[in-house]
Amino acid sequence: MSKQADVIIIGAGVAGTSCAQQLAKQGHRTILLDRQSFPRHKTCGEFMSPETQEMLDYLGVHLMGEEVKPSSMDHAKIVMSHGGEINAPLPGQATGISRYELDRLLHENAVNAGAEIVTGTTVTGIQKLGDHRYEVDARQGNERVRYEARVVIGAYGTKRPRGVAAAEEYRDDTVYVGVKSHFSGITIPARVELYFCDGGYVGISPIENGTVNVAALLTLNSVQGSGKSVPEILRAASRTNRRLAERMAEGEPVSGTQVSIAPLRISHTPHPWSEYPHIGDAMLMLPPLCGDGMSVALRSSLLCSGWTDKYLKGEINFVQWRKQYTLEANRTFTELLRRARRMQNLAFAKTNRFYPGIARMIPGLASYIVKATRLSESGIGTR
Ligand SMILES: Cc1cc2nc3c(=O)[nH]c(=O)nc-3n(C[C@H](O)[C@H](O)[C@H](O)COP(=O)(O)OP(=O)(O)OC[C@H]3O[C@@H](n4cnc5c(N)ncnc54)[C@H](O)[C@@H]3O)c2cc1C
């Protein structure tokens, strides 16, 4: 017997949970499925760009009023592998909070709005039935479970479920590895620090309770032979940036916070729809350098929940639902992705040692590096 719902959302990260909250709030029977148990650590720089503030307010999530005290950041320091440095103000206050805490808060919010969250449940297949209905197959321990709904939303991050066809044409060929660990003992002012090294970059930024996030994006080729554990990979990366090695030596990894993700491939085009809508990383994997992935996750989930609500209420038909969300997602994210990819290419260019010099010669370039990757005003509430 299939369990019935109006909406099944696959993936209870930032995108899925915020979308579930919005749809449940509108009275739609919403079930959120995730293969993991929560709270959990997640590979992420845990830097919430200034743009996320407006969307979190809209969702009723007020991080600064919480028991856990997140950090604030107002500038960035970029350190090249040869020691040169760029300092740039951020275009607003950014927030540092662990995904362990953030996702926990978003879950609470979704449940309070009436969504049901089912964890430890791995989706293995999605079929389209006649009459615009979907069937979702999942594994819960040794048991197989089945759901049926009018709407399915893919919020499963960069790894699609096993039974779902690949859409490799939307992603680059270069394969990356992402790693993260919390550190204690590193004192950091209100800034995010980015260190370039052979094969990628490492970000260091403050999160809650005096803890610091250290996260890296490295090409798979560059980590071959570095060792398998997250501290080993981070140590190997720091060998090609002396200032990074000195910074990391100030602290100690916090045990139990190390996670990694591979293989990772950056998008070259948004992919908002296959047989059903995608949101967050499932729709678009942005180069993490920009620290904007969570902003895209929140923004796409708000766009998608808006059109899905209209569809479920019968105000638009299936074709309009697909067309409108696809159009709006492409319009919102294509230009951002193009600029973020340009930054990523600069960051990975062998000549990046020259950028501090260029930045001094062209006033405003450093701020451009930070600003160019930002989403424009979201227009929430004006739709
Ligand atoms: C190294 C690195 C650093 C980053 N730093 C930043 C940063 O500083 N700031 C920022 O904004 N962004 C950053 N990002 C990007 C950010 O982490 C993502 O954009 C964001 O997590 C996307 O959220 P999401 O909800 O789409 O996906 P996720 O948070 O990945 O959630 C997807 C969920 O789907 C579940 N799932 C997957 N498959 C299945 C299945 N088959 N069945 C059931 N459940 C499934 C997973 O368990 C997971 O919980 C970084 C990414 C990397 C790799």
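**A sheet, its helices and an aromatic cluster**

In this predicted model, V136 has Y147 as its bridge partner in β9. That pairing belongs to a longer seam: strand β8 (residues 133-140) and strand β9 (residues 143-154) run antiparallel and are joined by seven bridges. Both strands sit in an open sheet of six, with mixed pairing and the order β6-β2-β1-β9-β8-β7. At the edges are β6 (116-118) and β7 (122-129), each of which pairs on one side only. Going from one strand to the next, the twist averages 40°.

Helices lie across this sheet. Take α1, which lies across β1 (3-10), β2 (30-33) and β9, and runs at about 170° to β2. Helix α7 lies across β1 and β9, and its angle to β9 is about 95°.

Next comes a shorter stretch of helix, α2, covering residues 52-59, where T52, M55, L56 and L59 are buried. Why do these residues end up on the same side of α2? They cover an arc of only 100° around the axis, which puts them on that one side. A general rule helps here: an α-helix has 3.6 residues a turn, so residues three or four places apart point the same way. The cover over the buried residues of α2 includes α1 (14-25), β3 (47-48), α3 (99-113) and α7 (293-312). Just after α2, G60 takes a positive phi of about 80°.

Now for the aromatic rings. Searching the whole structure turns up seven aromatic pairs. One of them is Y311 with F318: the ring centres are 6.0 Å apart and the planes stand at 75°, so this pair is edge-to-face. Y311 has 4% relative accessibility, under the 20% cut-off, so it counts as buried. F318 counts as buried too, because its relative accessibility is 4%. Y311 also pairs with W321, and here the rings are stacked, with 4.4 Å from centre to centre and 5° between the planes. Since Y311 is in helix α7 and W321 in helix α8 (residues 318-348), the pair ties together parts that are ten residues apart in sequence. Both Y311 and W321 are buried. Put W273 together with Y311, F318 and W321, and the four residues form one aromatic cluster.

Charges join in as well. The charged end of R150 sits over the ring of Y311, at 4.9 Å from the ring centre. Likewise, K310 has its charged end over the ring of W307, 5.8 Å from the centre.

Note on methods
Residues are numbered from 1 along each chain as its sequence is written. This is a predicted model: local features need pLDDT of at least 70, side-chain atom pairs count only at pLDDT 80 or more; totals for chains, interfaces and linings use all residues. Side-chain values use heavy atoms; hydrogens and water are left out. Buried means under 20% relative accessible area, exposed over 50%, partly exposed in between (1.4 Å probe, protein chains only). Helices (H or I, at least four residues) and strands (E, at least two) are DSSP runs, numbered from the N terminus. The arc is that of the directions from the helix axis to the C-beta atoms. Contact means heavy atoms within 4.5 Å. Two strands pair if DSSP finds at least two bridges between them. Axes are lines fitted to C-alpha atoms, for helices over the stretch in contact, and angles run from 0 to 180 degrees between N-to-C directions. Rings of Phe, Tyr and Trp (its six-membered ring) pair if their centres lie within 6.5 Å; planes under 30 degrees apart count as stacked, over 60 as edge-to-face and the rest as tilted. A charge sits over a ring if NZ of Lys or CZ of Arg is within 6 Å of the ring centre and within 35 degrees of the ring normal.
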